[in-house]
Amino acid sequence: MSAEPVDSGRRKARVLVAKLGLDGHDRGAKVVAHTLRDAGMEVIYTGLRRTAADVVAMAMDEDVDVIGLSVLSGAHIALAQQVLDELAVHHLQNEIPVVIGGTISPKDARVLREMGIADVFGVRTPLDELAPRVQLLVRDDR
Amino acid sequence: MTTPISDDVQRWRQRHGKKLSAVKERPSMIGPPLNVVYVPDNGDVDAEAYRRDIGLPGEFPYTRGVYPAMYRDRLWQMRLYSGFGDAESTNQRWNFLLSHGNNGVSAAFDLPTQVGLDSDAPDAIPEVGRVGVAVDCVRDFERMFAGLPVDKMGISLNAHSTAPFVFALFLAAMEKQGVQPGQITGSMTTDVLKDYVARGTWIYPPAHGIRMVGDILEFCAKEMPRFYPLVIRGPDMRDAGADAIQEVAFAFANAVTYLEYAQKRGLEIDAIATRLSAQFYYYGDFLQEAAKTRAARRIWSRLLRDRFGAKAEASLLLRITASVGGTHFQVHEPETNIIRGTLGCLGAVLGGCQGMLLAGYDEAFDIPTEDTARIALRTQQIVGYESDATAVADPLGGSWFVEQVTDEIEALVLEKMAEIDEMGGSVVAIESGYMQRQIANSAYNQERREQSGAKPIVAVNIHRGQGEPPELVVHAPDRTVADRQRAQLDTLRAERDSQETQRQLTRLRMAAEGDDNLIPVLIDCARANASLGEMVETLRGVFGEFREPAL
C-alpha cells in the first residue's frame with residue numbers, strides 16, 4: 001500500500017527533510033522522505049548533524065517549497081526557533097513554511113504553532129496524511 | 001554405524017563434570033529434579049545431523065549455548081545502561097542500581113561525548129548531560145567511579161565512535177585510583193562501523209575508525225586479558241528499522257572486516273577472537289528472537305573456524321548481550337512497555353544470552369527515572385530467579401518450530417553476508433549506502449505494517465480505549481550541567497601544564513600520521529589532562545571526516 005499521488009494537476013512540491021543537532025535518530029526522517037516521494041513529491045534529505053544555517057542555505061539552493069524538521073532529542077522548540085530566525089535573516093519567513101515531526105507533546109505542539117511552525121506531526125501520524133498536509137502549504141505563485 | 005546421542009551426553013558429562021556437578025539441584029513442579037539439559041531420545045532424530053548442527057551446550061557449534069550448565073551455573077550479567085547529567089548524578093544512580101542487584105555498571109554517555117565534542121562546544125550545549133553522562137577529562141571519570149569497587153565489578157563503556165578516547169580517559173583515571181588495566185573486567189562498544197550504518201555518531205572515515213579498533217584489540221590482547229574490547233553490535237541497526245536478518249548479517253559482516261584487518265596487522269586470530277562478543281535486540285516475537293540467537297552462535301562458530309582458522313574454543317563461542325526495549329516501546333500507555341520488556345527478556349533468556357540491558361518503560365520519553373530503572377532490573381531478576389526459563393539449558397532446543405526457524409535464519413543471514421562479500425565487504429556496503437538503504441526500506445515497510453494494523457500493537461493500533469491515560473512522571477533533566485562542565489574545563493585549562501598537554505597532543509598527531517598504536521599515546525594525552533574534544537580534534541586534522549552517502 002502506498003499513498004496516492006497528490007493533486008497531479010499541480011507542479012511537484014519540493015520538500016527539504018532536515019535533521020538538526022547531534023541527534024542521530026533518522027529512522028523517522030527517512031520514513032517521511034520515502035512517503036513523500038511515493039506521493040510524487042521531490043524530497044531532498046539533508047543528512048545528519050546540520051545547523052539551522054546549513055538547513056536554510058540548502059532550502060535556498062534547492063528552491064524548496066517546504067522545510068520539514070525531524071527532532072527526537074527533545075530540543076524541538078529551541079531548534080525550530082533557530083531555523084525560523086535564520087529564515088528571517090534572509091527575509092524568507094513568509095516564503096518557506098516550516099513543519100516539524102518527532103515525539104512532541106500536545107502542549108509543545110501549541111507552542112510551536114504559535115512560534116510560526118506551519119504544521120506539527122506527532123508520533124504515529126498516519127503516513128497517508130503527510131503528503132496532503134504538506135501540499136496544503138505549497139504556494140502556487142512561487 | 002552412527003553412535004547414539006546418549007553416548008555424546010555421557011562424554012559431555014565426563015568432560016564438563018566439574019562444572020556440572022557444581023550446579024544446585026532444581027526441583028521440578030512435580031517433584032523429581034530437573035536435568036541441566038534435555039536431548040532427543042535415540043531414534044527421534046538423525047544423530048549425525050543433531051551432532052553437526054545442534055550438539056550440546058558448551059560445545060561446537062554452540063547452538064544450545066556457550067556454557068555446559070548455562071544459567072544453572074550462573075545467570076546473565078544484568079547491567080542496565082545508565083548515565084545522565086554529570087559524574088556525581090551518574091555515580092549516585094550507579095550506586096542505587098548496584099544496591100538493587102545490578103551486576104556492574106554500563107555507562108551511557110551524552111551525545112557530545114559520543115561525537116567527540118567538549119561540553120563547552122557551541123553545538124554541544126543543548127545536549128550536555130541529556131541522554132547520558134557528560135565527560136570531558138580524567139577528572140570526570142575519577143568522580144564518576146569514586147567509591148565504586150572498580151576492580152571487582154564489570155564495567156561497560158558505551159562510547160561508540162569515541163571509544164578510544166573514553167577508554168584512554170577511563171584508564172588514566174583508574175591508574176590514579178591504583179587499578180591496573182589487567183585487573184579490569186567489562187566490555188566496550190568499540191564497533192565503529194555500525195555508527196556509519198545506523199547511529200549517526202560517526203567522526204572519521206571508516207578506514208581510520210577500523211584502524212583504531214585494531215589499536216584497541218592489540219592493546220587489550222596484551223594488557224587487558226579480562227576485558228571484552230569489541231562488542232559487535234546489531235541493536236543500533238535494528239532500532240533504525242533493520243529486520244532480524246539484516247541485524248545479524250550486517251553485524252557479522254562488520255566483524256569480518258575487523259577480523260580481516262586484525263589478521264593483516266599480524267594479530268593472531270586466537271589472541272583477539274577469544275574476547276569478542278556480540279549484542280542483539282529482542283522484540284516481542286520472543287520465540288523467533290531466541291531462534292535468531294541460536295542461529296547467530298552457530299554461524300559465528302563456523303565462520304571463525306572455517307574462514308579465520310580459529311582454534312581456541314573461546315574464539316568459536318559467541319557470548320551475546322541482549323538489548324531489550326527500544327523502538328518497540330510505545331508512547332501510548334507507557335506502563336504496558338513493562339510487559340513488552342518481559343517478552344524481549346524471555347527471548348534473550350530462552351536464546352541463552354550472557355548479558356542484558358533492559359530499557360525503562362519510559363524509554364520513548366526520556367532516560368529512565370530511578371523507578372523505571374528499578375523495574376527494568378526487577379523484570380530480569382524475576383525471569384531469572386522465579387521462572388524455569390533458566391532451569392535448563394536451551395529449553396526450546398528440539399522444538400520443530402524453533403529448530404526450523406533457527407535453520408532458516410541461519411540460511412538467510414549467510415546469504416546476505418555472501419552478498420556483502422561479493423560487493424567487496426562491509427566498508428563498500430556502507431560507503432555505497434547499501435546497508436543504510438536496506439534498513440530505511442525495512443523501516444518504511446514496518447511503519448506501513450504497524451499503521452495498517454497488519455502488525456498489531458495493543459493500545460496503539462488495536463484496543464485503543466477511550467480518554468487519555470494518566471500522565472507519566474519522566475526524568476527531569478538538570479539544565480545546569482553544561483555550566484558546571486564549562487567551569488571545570490576552564491579550571492582544567494588554567495591549572496594544567498599546558499606545554500605538556502600540547503607536547504602529548506603533538507605526539508598523538510605524529511603517531512596518527514604513522515602506524516603506531518594510538519592507545520598508549522591517547523593514555524598519555526589523558527594523563528596530561530587533554531580533554532576528549534582536544535584529542536578528537538587532533539585526529540580530525542589527520543584523518544578528516546566521514547561524508548554521508550546520499551540515499
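In this predicted model, the contact between the two chains draws 24 residues from chain B and 22 residues from chain A. On the side of chain B that touches chain A, helix H5 (111-115) and helix H19 (434-452) of chain B each supply at least two residues, and H19(B) gives the most, with seven residues. Divided by class, this side of chain B has twelve nonpolar, five polar and seven charged residues.

H19 of chain B also appears in the surroundings of helix H1 of chain A, where the buried residues of H1(A) pack against E1, E2, E3, strand E4 (98-102) and helix H5 (127-135) of chain A together with H19 of chain B. Helix H1(A) spans residues 27-38, and its twelve residues reach 17 Å from the first C-alpha to the last, close to the 16 Å expected at 1.5 Å a residue. The helix is mostly covered, with ten of its twelve residues buried; among them are the charged-type side chains Arg27(A) and Lys30(A), as well as Val31(A), Val32(A) and Leu36(A). After H1(A) comes Gly40(A), which has a positive phi, near 90 degrees.

The strands that H1(A) packs against include E1, E2, E3 and E4 of chain A, and these belong to an open sheet of five strands, in the order E2-E1-E3-E4-E5, with parallel pairing. Strand E2 (42-45) and strand E5 (119-121) of chain A form the edges, each pairing on one side only. Neighbouring strands of the sheet are turned by 20 degrees against each other on average, direction ignored. Within the sheet, strand E1 (residues 14-19) and strand E3 (residues 66-71) of chain A run parallel and are joined by five bridges, and Val15(A) has Val66(A) of E3(A) as its bridge partner. A further helix of chain A, H2 (residues 52-61), lies across E1, E2 and E3 of chain A and runs at about 165 degrees to E1(A).

In chain B, a helix pair was also examined. Two packed helices are described by the angle between their axes and the distance between the axes. For helix H7 (residues 163-176) and helix H9 (residues 206-223) of chain B, the angle is about 35 degrees and the axes lie 10 Å apart. Ala163(B), Pro164(B) and Phe167(B) of H7(B) make the contact with Met212(B), Asp215(B) and Ile216(B) of H9(B), and the residues of this contact comprise five nonpolar, no polar and one charged.

Terms used:
Residues are numbered from 1 along each chain as its sequence is written. Chains are lettered from A and ligands numbered from 1 in the order in which they are written. This is a predicted model: local features need pLDDT of at least 70, side-chain atom pairs count only at pLDDT 80 or more; totals for chains, interfaces and linings use all residues. Axes are lines fitted to C-alpha atoms, for helices over the stretch in contact, and angles run from 0 to 180 degrees between N-to-C directions. Helices (H or I, at least four residues) and strands (E, at least two) are DSSP runs, numbered from the N terminus. Two residues are in contact if their C-beta atoms, placed from the backbone, lie within 7 Å. Two strands pair if DSSP finds at least two bridges between them. The expected span of a helix is 1.5 Å times one less than its number of residues. A residue is buried if 20 or more other C-beta atoms lie within 10 Å of its own, exposed if 12 or fewer, and partly exposed in between; C-beta atoms are placed from the backbone.
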